[in-house]
Amino acid sequence: MRWIDALEGTAAEKLPEAVHRYYRQGSAGGISVGEAVAAWSSYRFRPRVLQDVSSIELGTTVLGTPVSSPVLVAPSTLQRLADPDGEIAMANGVRDAGSLLGVSSNAGTRFADLGATGVPWWLQIYIVRNRSITEQMLDAAVAGGAKAIVLTVDTPVVGRKEDDGPVVWSYVQPGQLRINVPEGDWTDEDLDKADDLTPDVIGWLAERTGLPVVVKGVLRGDDAKRISDAGAAGIIVSNHGGRQLDGSIPTAQALPEVAEALAGTTTELYVDGGIRRGEHVLAALALGARAVFVGRPALWALTVDGQSGVTRLLTELAEELEHTLQLVGVPRLADLTPDLVAQRT
């Protein structure tokens with residue numbers, strides 16, 4: 001068995017049941033979370049032959065930041081329940097793999113401390129109803145060295161979870177969640193996610209921070225075009241790991257339409273959700289993604305072996321991608337094309 005395939009089972013043995021369930025669960029009936037991996041595995045390859053694949057180039061850039069491979073780590077919360085050092089261990093592991101880290105606005109580690117690790121990182125932000133809270137968090141992220149702002153747009157309200165038994169919140173200690181929310185006498189309504197956002201918010205974020213804005217949670221080509229036209233530097237095709245609208249299409253299915261809509265623009269395209277193998281990464285890149293994000297696997301790796309586990313995860317996925325590029329007959333990422341991929345009939 002691949003080490004990556006055993007990660008969740010090993011992590012489940014170390015985590016309280018409620019924490020493991022929180023990390024892995026989807027919304028409602030769990031349809032979308034259950035389909036994610038299989039959707040990537042449904043693709044088939046049409047390899048080229050008699051190509052010189054003696055040297056493979058995996059390095060690329062994401063919004064100008066060099067990375068050693070196109071496998072990045074998605075933002076996720078409650079990381080200090082996986083490892084006492086939480087986001088710091090995750091950041092160090094990502095840095096050592098030469099990758100880039102997405103950081104949740106609900107993180108349990110100060111942005112300045114994350115920046116001090118030297119990892120390149122992007123802040124994922126939920127805009128809340130009290131804009132002052134969001135503004136202060138953005139300012140702190142800029143001061144901490146964030147290289148981009150990732151606006152999550154598929155969460156005007158939180159997807160419902162149909163979950164019985166112990167809940168994760170009984171395990172959360174002070175300082176493990178939302179540590180970057182500024183001090184203040186905030187109400188629950190202040191902290192509720194804004195449900196009145198329009199594409200205009202992209203320009204506001206860019207002006208406020210001076211950073212490129214990436215929009216996460218896009219599954220449609222027409223939305224992607226509107227978002228690109230509004231000034232987004234990047235788009236992440238995502239259904240929030242199946243944790244929001246249950247029954248949302250898999251990202252593997254949504255990616256080609258979004259890529260077609262962005263053709264001819266400068267907006268960079270990324271994808272997350274269900275990516276577990278080098279072959280999945282290859283399919284995503286061939287279909288138009290510049291890089292992919294992995295979420296749950298990084299949490300399992302962090303749980304099992306801390307910082308070094310995260311580095312191993314990213315390294316092994318990169319090695320699988322390199323091997324798969326050789327077999328598909330393409331030595332450079334820039335030469336990947338959609339005709340290398342077909343849907344299984």
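**A cavity, a pocket and a helix pair**

Student: Which residues line the largest cavity?

Tutor: Happy to help, and keep in mind that this model is predicted. By class, the lining has six nonpolar, three polar and two charged residues. The residues that line the largest cavity are Ser105, Asn106, Tyr126, Val128, Ile133, Thr134, Met137, Arg178, Val181, Leu191 and Lys193.

Student: Which helix gives the most residues to that lining?

Tutor: Ile133, Thr134 and Met137 are among the lining residues, and residues 131-143 form helix 6. With three residues, the element that gives the most to the lining is helix 6.

Student: What is the volume of the largest cavity?

Tutor: The structure holds one cavity of 30 Å³ or more. The volume of the largest cavity is about 110 Å³.

Student: Let's turn to the second largest pocket. Which of its lining residues lie nearest its centre?

Tutor: This pocket has a volume of about 660 Å³, and 33 residues line it. Strand 7 (148-152), helix 8 (200-209), strand 8 (213-218) and helix 9 (221-229) each give two or more of them. The lining comprises 17 nonpolar, nine polar and seven charged residues. Nearest the centre lie Val153, Asp154, Thr155, Pro156 and Gly217.

Student: How are helix 2 and helix 12 oriented to each other?

Tutor: Their contact brings His20, Tyr23 and Arg24 of helix 2 to Arg296, Leu299, Trp300 and Thr303 of helix 12. The axes come within 10 Å and cross at roughly 155 degrees. Angles over 145 degrees count as roughly antiparallel. Helix 2 and helix 12 are therefore roughly antiparallel.

Notes:
Residues are numbered from 1 along each chain as its sequence is written. This is a predicted model: local features need pLDDT of at least 70, side-chain atom pairs count only at pLDDT 80 or more; totals for chains, interfaces and linings use all residues. Side-chain values use heavy atoms; hydrogens and water are left out. Axes are lines fitted to C-alpha atoms, for helices over the stretch in contact, and angles run from 0 to 180 degrees between N-to-C directions. Helices (H or I, at least four residues) and strands (E, at least two) are DSSP runs, numbered from the N terminus. Angles under 35 degrees count as roughly parallel, over 145 as roughly antiparallel, 65 to 115 as roughly perpendicular and the rest as oblique. Contact means heavy atoms within 4.5 Å. On a 1 Å grid over the protein atoms alone, a cavity is a set of points where a 1.4 Å probe fits but cannot get out, and a pocket is an open set with protein on both sides within 12 Å along at least five of seven lines; lining residues have an atom within 4 Å of a point. Grid points are joined across faces, edges and corners, and a volume is the space filled by probe spheres set on the points. Ala, Val, Leu, Ile, Met, Phe, Trp, Tyr, Cys and Pro count as nonpolar, Asp, Glu, Lys and Arg as charged, and the others, Gly among them, as polar.
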